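Subject: Structure handover

Hello,

Here is the structure I said I would pass on. My notes on what was found in it follow below.

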Amino acid sequence: MLNFISKLIFGVLFLAGGQLYAQNVSGTITDGTNGEGLPGVNILIKGTTSGTISDLDGNFNLQAASDAVLVFSFVGYQAQEVAVNSRTTVNVALAPDLTELSEIVVVGYGTQKKKDLTGAIGSINADQIVNKPIISPDQALAGTIAGINITNRSGDPAAPINVRIRGTGTVGNNQPLWVIDGVAIVQTNNITVNTSSTTDSNPLAGINPNDIESIDVLKDASAAAIYGSRAANGVIIVTTKRGKAGRTSVTYSGYAGASKVRETLDVLNVQQYIDIQGELGRDVSQFSGSPTVDWQDAIFKSGPMQSHNISVSGGSENMNFLVSGGYLKQEGIEPSQDFERYSFKANTDVNVGERFKFGESVLISFTDRQTQAEGGGLLAGFNSVLNAPYFQPFGDGPLGYNLESVANIGEGSATNRLFRTDPRINRTDISARKVLGSIFGEVEIIEGLKFRMTAGIDYNVGIGDTQQFETTFDGNSIRQSLLVSSRPIELTTNWTNTLTYQRSFGDHEFTALIGYEETNFRFDKVRIQGRNLFNPNFASSGTAVAAGNEGDHWALRGQLGRLTYNYQGKYLATINVRRDETSRFADGNRDDVFLSGSVGWRISSEDFFPTNNFIDDLKIRAGWGQAGNQFTGVNFAFLSALQTTIFYITGDGQNVIRGPAPVTFANPDLKWETSNQLDIGFDASMLDGRLSLTFDYYSKTSKDVLIGLPIPFVSGFFLPADANVGEIKNTGIEIAARYQNTVGQFTYSISGNLTTNNNEVTDLGTVPNIITGIGGAQTHRTVVGESLGHFFGYQTDGIYQTQEEADAALPDAFSSGASPGDIRFVDVNGDGTVDSNDRTILGSPLPGFFYGVNLQGAYKNFDLSIQLRGVGDRQIYNQTRTSLESLSGNNNFSTRVLDRWTGPGTSNEIPRLTRDDPNGNNRFSSRWIEDAGYLRFQNVQLGFTIPASTLEKVSKGWVSDMRIYVAAQNLFTITDYLGFDPEVTRNQSFQKGEFPLASGTDGGVSPQPRIFQVGWSVTF
């Protein structure tokens, strides 16, 4: 292999550009529509890197062999290949290339030409996905399509990812519907273990992005309503690669790399820590002179990664195939973070005669993930920052670690996270086995009329184990062994039948679609827990054993229809209708009809539209529609749920007995949420196709949002009752633009997108407000007129600088008396007292705008791409600072506390040291809310493609394409945020899944790493 690569390298240096006997060839290149000369056209001799460019008048001159083939290419025009055939003069007229408008876009249950679309649809292809160090297909959407914002929950490989299309529209599940090769995926948090949200895994992590051909995003209801009750949050359609007619080819691609933490926090050294703790009345001077331990350096590590993919594809006129296999392994930047995937993909299409077609798509994947465990291992990176800086990780304790004892810590604070994350002490393993497949058959009954039947399955088997082995952390108490084993199984089956009729007559063209679909979902989980284990591998061997079952089952039946109409390519219309029935709600609320319609006008085709070289194509469109969200609340919430752990006191003897009792108030009126969406926009192509522009204004109103209503305890129910009472509105604009051009042999493109979003709760029924937070905290509020789940707390107004100012402080319900150096809290309502009524909106974790920029350039055989993405007008609750800047605790502090208030005028931001905090300086307030806007260099890649002529000579025809590249992911981030990473979704808790009512809390989750990689691809 090394010998072969060496030959290729020498071939690049010495064999590129070789030519046969040459003659002089000249000519003129003109615009095929107006006959004007085209300057800057690229002319290459096919199979070589030799060539030239045309001058200002379109003329060119070069040396070429008499049997050479010249390739003429220019941005905005269709490329041409012209054989010289011993001629000395070759004149060429290039036709404008509007291929972008002719692209085929996948829509619900079919395809459409991009130029005929009337809905808001964004797309990316394989070129924008491959070669990036991503685990799942949702990561490929970062910064690429207007209207879509993705946020990683953490940098732990395969952690969940929030995908938001045009904002947050509900208090429950906001994830879009993913459809992969015709199979609708049910995303859940069922493949997990135990109770911490850190064990949630991305349900798409079993899908290899290298297998994807394209991703099409249906953003508005006029495009997505064909999916009815599951489309309120948008629809993402994934099409995987398929074989093509031609000789069989084998392609291998791979990369190797490493990830590292991008940013660390500055904390006190040993002497600074001793001094400050001494001022707080804690004596840790016995550790004076001890070396400062960099706990971040001890915890954060380099995470190696590698990816290997190989595919074999080919076919004939009647059959094509593609078979691929992939392997991915990525370690995290903190201990006990690891992800590994084996994947296999097979796609086949077979034509039988002229009317029958069959095919299948099969994906099989095996994933194994290790994540940090409970028992002291969670959030190891941040929690280690809080350690007393003299505490050493290694010593004479178990496994060679230092014990968390008074002798080693004194009055300080420390937890040995290296010890607690050691898999020999704590470990959590989550495995998933996925089979995702579909088969289809299609028959053309008469010309233009096709019947298609598709059957799909998504089968997931999970294995989750959390183990805590018997040990001691302090040398005194012994922790008992623990094993929690979960075995979840999910099965989704899908059956779809569609009848499509396509007809053109004269200036009229229409396509009609009707269909029927059934979806069934089943979930079963067995969980067993044992303590004080006789055998650490079996939970049932414990002296205390508990077991339980979970289950879910629902079915969906839908009838659907669509009609598209096109008159002269100028007047376009689309109508969608779907009727769904679901088992998730009671009789009377199980079915509904979802309608949408959109129109388009290609105004540039009108006779009155000015003809010039500026605007090539201009289409105006508008659409309205309805879509639903059936994933609201708990399944079967219309029925009473019994809890078996309720205790009663009965009889004269007041005996305590246990018996079942309902704990939730059944609401038979529950139904799915409905999203009404309006979209107005235009698509334009300008400057002979070099510039494209898309604009959309959207307004999305989610109605009948499911909200938990409080019920008086005297009713006998202590959990909130679900009811459809809320209404949430998202409005904004989307702009996407792309410019491409060629200057000599340099080809480049600049593309970007910008989305604004205004989120507002417009109705809560009889509920005045909803106050929520992680772990029972009251940090977020939802109220009519403001954004969903905004931060809610006290507003600060500097620091009392003198005793006179402190004496003049207003009465404060949470202060026993202010002193100089304490924080001044604002009396918002002006009643002369600071109390809970003065809590106010402090900002929103929902971004006001987000954007992406993509720069691409190519010169000869070199290519460069730069991808940036950013978020603005967004705030984050930096909970990590409540510990790092508490100025009262015995943990380590941020170096920012060195600039604390020590006397009048020394600081108006960071208060004084105080062990008891009598003024409540550390209460939830604007002090902890930060601007979390950022610009991230998402991906930078430099590549080199070996010339085809060189490969031909060196490999004797065995290799047809080869490329090598170097790349960096998350190279750097521009932000004012003081935490590890401004990309935060939610804090760790024992509540799984999304939590839109309390998002944007940074509790110290593992940050997004910086990744460096070297990659290569070769086609045989």
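The largest nonpolar core has 25 residues, and those that touch the most other members are Leu 141, Ile 148, Ile 215, Val 217 and Ile 236. At least two residues of this core come from each of strand S11 (148–152), strand S12 (161–165), strand S13 (177–180), strand S14 (183–185), strand S15 (212–218) and strand S16 (235–240). In soluble globular proteins, nonpolar side chains tend to be buried together. Leaving aside residues up to four places away in sequence, Ile 148 is in contact with Leu 141, Val 163, Arg 164, Ile 165, Val 217 and Phe 850. Please keep in mind throughout that this is a predicted model.

Next, the salt bridges. The structure has 50 of them. Side chains of opposite charge can pair when their charged atoms come close. Three pairs are described here.

Glu 550 pairs with Lys 525, with 3.7 Å between the closest N and O atoms. Glu 550 belongs to strand S26 (residues 542–567) and Lys 525 to strand S25, so this salt bridge ties together parts that are 25 residues apart in sequence. Is each partner buried or partly exposed? Glu 550 counts as partly exposed because its relative accessibility is 43%, while Lys 525 counts as buried because its value is 6%.

Asp 683 and Arg 621 also form a salt bridge, at 2.9 Å from N to O. This pair links distant parts of the chain, with Asp 683 in strand S32 (residues 673–686) and Arg 621 in strand S29 (residues 615–629), 62 residues apart. Asp 683 and Arg 621 are both buried. They also belong to a network of salt bridges that links Arg 166, Lys 219, Lys 619, Arg 621, Asp 679, Asp 683, Asp 696 and Glu 734.

In the third pair, the closest N and O atoms of Asp 812 and Arg 923 are 3.1 Å apart. The two residues are 111 residues apart and the pair links distant parts of the chain: Asp 812 is in the loop between helix H9 (803–807) and strand S41 (823–825), and Arg 923 is in the loop between helix H10 (880–884) and strand S46 (929–931). Asp 812 and Arg 923 are buried.

The loop between H10 and S46 also holds Trp 901. Trp 901 counts as buried because its relative accessibility is 12%. A polar atom of the Trp 901 side chain lies 3.0 Å from the backbone oxygen of Gly 903. Not counting residues up to four places away in sequence, Trp 901 touches ten residues' worth of surroundings that include Ile 799, Tyr 800, Gln 801, Pro 820 and Gly 821. Phe 1020 is 119 residues from Trp 901 along the chain, and their C-alpha atoms are separated by 69 Å.Back in strand S25 (residues 508–533) is Thr 519. With 2% relative accessibility, Thr 519 counts as buried. What does the side chain of Thr 519 join in a polar contact? The partner is the side chain of Asn 494, at 2.7 Å. Asn 494 is also among the residues that Thr 519 touches, when those up to four places away in sequence are left out; the others are Arg 230, Thr 492, Thr 493, Trp 554, Ala 555 and Leu 556.

Strand S34 (residues 721–743) pairs with two other strands described here. With strand S35 (residues 746–756), S34 pairs in the antiparallel sense over 10 bridges, and Ile 735 stands opposite Leu 754 in S35. S34 and S35 form a hairpin with 2 residues between them, and Gly 744 in the turn has a positive phi of about 65°. S34 also pairs with strand S36 (residues 758–763), in the antiparallel sense over 5 bridges. There, Lys 729 stands opposite Glu 760 in S36.

Positive phi values also occur in residues other than glycine. Asn 131 has a phi near 70° and sits in the loop between strand S10 (121–125) and S11. Its relative accessible area is 19%, so Asn 131 is buried. Gln 568 has a positive phi of about 55° and is found in the loop between S26 and strand S27 (571–582). Gln 568 is partly exposed because its relative accessible area is 37%.

Last, helix H11 (residues 948–955) has Ser 949, Thr 950, Leu 951, Val 954 and Ser 955 as its buried residues. Lys 956 follows H11 and has a positive phi, near 55°.

Regards

How values were computed:
Residues are numbered from 1 along each chain as its sequence is written. This is a predicted model: local features need pLDDT of at least 70, side-chain atom pairs count only at pLDDT 80 or more; totals for chains, interfaces and linings use all residues. Side-chain values use heavy atoms; hydrogens and water are left out. Buried means under 20% relative accessible area, exposed over 50%, partly exposed in between (1.4 Å probe, protein chains only). Helices (H or I, at least four residues) and strands (E, at least two) are DSSP runs, numbered from the N terminus. Two strands pair if DSSP finds at least two bridges between them. A polar contact is a pair of N or O atoms within 3.5 Å; within protein, one must be able to donate a hydrogen and the other to accept it, and residues adjacent in sequence count only if both atoms are side-chain atoms. Contact means heavy atoms within 4.5 Å. A salt bridge is a side-chain nitrogen of Lys or Arg within 4 Å of a carboxyl oxygen of Asp or Glu. A nonpolar core is a set of buried Ala, Val, Leu, Ile, Met, Phe, Trp, Tyr and Cys residues joined through side-chain atoms within 4.5 Å.
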